[in-house]
Amino acid sequence: MKKKRVFAKTLGCKLNYAETSAILESFAQEGWQISFGNEVPDLVIIHTCAVTQQAGQKSRQQIRKMIKKYPKSRVAAVGCYAQLNPESLENIHGVDVILGSEGKFNIQKYITDCDKAVYIDVTSPGNIKEAVPAHSLIYDKNFGRTRAFLKIQDGCDYGCAYCTIPLARGRSRSVPFEKVIADAVKLAEAGYREIVLTGVNIADYQSGSATIVELLHELETVDVGRIRISSIEPDILSDRLIRVVASSSKIMPHFHLPLQSGSDNILTAMRRRYSSAGYRERFLKAIEAIPDCAIGADVITGYPGETEEHFQATLRFLEALPAAYLHVFTCSLRPETVLSKQISSGVCKKVHSEIARSRSKLLLDLAEVKQREFALQYVGKALDVLFEEFETVKNGEIVFSGYSENYLRVSVNVKDSYEPVEFVGSCKKVLIENMGEDLILEGRFVT
């Protein structure tokens, strides 16, 4: 019999990508064939995101695009946007299944028929008690083997005023310690060279008496070259955690440390758990302790109540901070959050859209300066680069690209005869010679 095909499209964070892989792996174990969209699938899964208004809009657009592209396929919309806005998805003609944060892991729900036109399974996130394990695909060695995502935690207890994640994913909970280690071993045995730890608030990891520090100690025993920590909250970037990274040859010198604002007044309004001085202290402590450490930051502008003085405080704060890169967001008002209720009750007022755009432009300009300054430090130096992809350019030359240990994008243009497929997934030392217009470092192999 011909195998049924399943195709998935993922939007949003690394955690979503890890969870999509887990869902696909479950289908593969039941005899389904994973499709990459080059043939008509029997089932199309769109893993949605709702962290911003734009993310929600992109989720709806992607659903409509998949329905138009595969009109005969069964279409399932799952994940955060499906959890928060099932009624808006139910009204999209062509959607067959809507699954929230818990139901998306049960593959039977994707193929269950019901009396209604659309099968919906969305339960309260408050009822979700466990973190479902998830990681990048391992079932077929034909898939890429460079960087794998490994879920260690889900949900969040922080309750930031603007954030919709707790409403979509529920309270903080962790994947059991032994399961995380076992899955890391599987990923290493499958040939992955780097494991990226993912979750909503991964430094909040707690399994029995084990914290993120104990987990990292044990992960160092796994036979994989690189372990990378993804986004981590500033208030739990502890001295112990910094020491673990500083003393490790496997844990990469890279943190993504959300700032959101350099104004203490705005941080308080956001219900963040640190001050600007506390953030700076943690940031500089990590930079001082960990050689070549790259730290990136999220920053939100246009937050309701943000004055010009507040914005200038953020700008000055970031100008003085040795950040490797910045991710800039204009505040997006999400339904049912504390912030949306404050707006409705008149506690605070929205920043005019033109002012928010102007401030965002200034921060984006600063972001480019920061990225350029950090990367240029490495011109003339050698970096270990894990190569992830390649493309053939003019005259048959091949451009390989990948990431350094401290998350700098590096490309190497070669004229020699390399076997591209075998080369991808290897780690090579590269002498950095210059920076391209796209801020990607360029270099040559060190022989």
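This passage walks through two sheets, a pair of helices and two buried residues. The structure is a predicted model, and the tour below goes from sheets to helices to single residues.

A good place to begin is the open sheet of six strands, whose order is β2-β1-β3-β4-β5-β6, with parallel pairing. At its edges stand β2 (33-34) and β6 (119-121); each has a single partner strand, so one side of each is left without a neighbour in the sheet. The partner of β6 can be followed in some detail: strand β5 (residues 97-99) pairs with β6 in the parallel sense over three bridges. Within this pairing, Leu99 has Asp121 in β6 as its bridge partner. In general, the strands of a sheet pair through backbone hydrogen bonds, either parallel or antiparallel. Helix α2 (residues 53-69) lies across three strands of this part of the fold, namely β1 (5-10), β3 (43-48) and β4 (74-79). The direction of α2 runs at about 170 degrees to β3.

Two residues help to make this region concrete. Ala76 lies in strand β4 and has a relative accessible area of 0%, which means that Ala76 is buried, the cut-off being under 20%. Leaving out residues up to four places away in sequence, Ala76 touches Leu43, Val44, Ile45, Ile46, Val97 and Tyr110. Of these contacts, Val97 belongs to the stretch of β5 (residues 97-99), while Leu43, Val44, Ile45 and Ile46 fall within β3 (43-48). A partner far along the chain gives a sense of scale: the C-alpha atoms of Ala76 and Phe317 are 241 residues apart in sequence and are separated by 44 Å.

The second residue, Gln83, lies in helix α3 (residues 80-84). Gln83 is also buried, with a relative accessible area of 8%. Apart from its neighbours within four places in sequence, Gln83 is in contact with Gly100, Ser101, Val122, Thr123, Pro125, Leu167 and Ala168.

Another open sheet has three strands in the order β7-β10-β13, again with parallel pairing. Here β7 (147-151) and β13 (226-229) stand at the edges, and each has a single partner strand, so one side of each is left without a neighbour in the sheet. From one strand to the next, the twist averages 25 degrees. Strand β10 (residues 194-198) runs parallel to β13, and four bridges join the two. In this pair, Glu194 stands opposite Arg226 in β13. Helix α1 (residues 14-29) packs on the sheet and touches β7 and β10. The direction of α1 makes about 90 degrees with that of β7.

Further along the chain, strand β15 (residues 294-301) and strand β16 (residues 325-330) pair in the parallel sense over six bridges. One of the bridge pairs links Ile300 with Phe329 in β16. Together with helix α11, these strands make a right-handed β-α-β unit.

Helix α11 also has a helical partner. The axes of α11 (residues 308-319) and α13 (residues 353-376) come within 11 Å and cross at roughly 5 degrees. That angle is under 35 degrees, so α11 is roughly parallel to α13. On the α11 side the contact involves Glu308, Phe311, Leu315, Leu318 and Glu319, and these meet Arg359, Leu362, Leu363, Leu366 and Lys370 in α13. Sorted by class, the contact of α11 with α13 has six nonpolar, no polar and four charged residues.

Methods
Residues are numbered from 1 along each chain as its sequence is written. This is a predicted model: local features need pLDDT of at least 70, side-chain atom pairs count only at pLDDT 80 or more; totals for chains, interfaces and linings use all residues. Side-chain values use heavy atoms; hydrogens and water are left out. Axes are lines fitted to C-alpha atoms, for helices over the stretch in contact, and angles run from 0 to 180 degrees between N-to-C directions. Angles under 35 degrees count as roughly parallel, over 145 as roughly antiparallel, 65 to 115 as roughly perpendicular and the rest as oblique. Contact means heavy atoms within 4.5 Å. Ala, Val, Leu, Ile, Met, Phe, Trp, Tyr, Cys and Pro count as nonpolar, Asp, Glu, Lys and Arg as charged, and the others, Gly among them, as polar. Two strands pair if DSSP finds at least two bridges between them. A crossover is right-handed if, with the strands pointing away from the viewer, the path from the first strand over the helix to the second runs clockwise. Buried means under 20% relative accessible area, exposed over 50%, partly exposed in between (1.4 Å probe, protein chains only).
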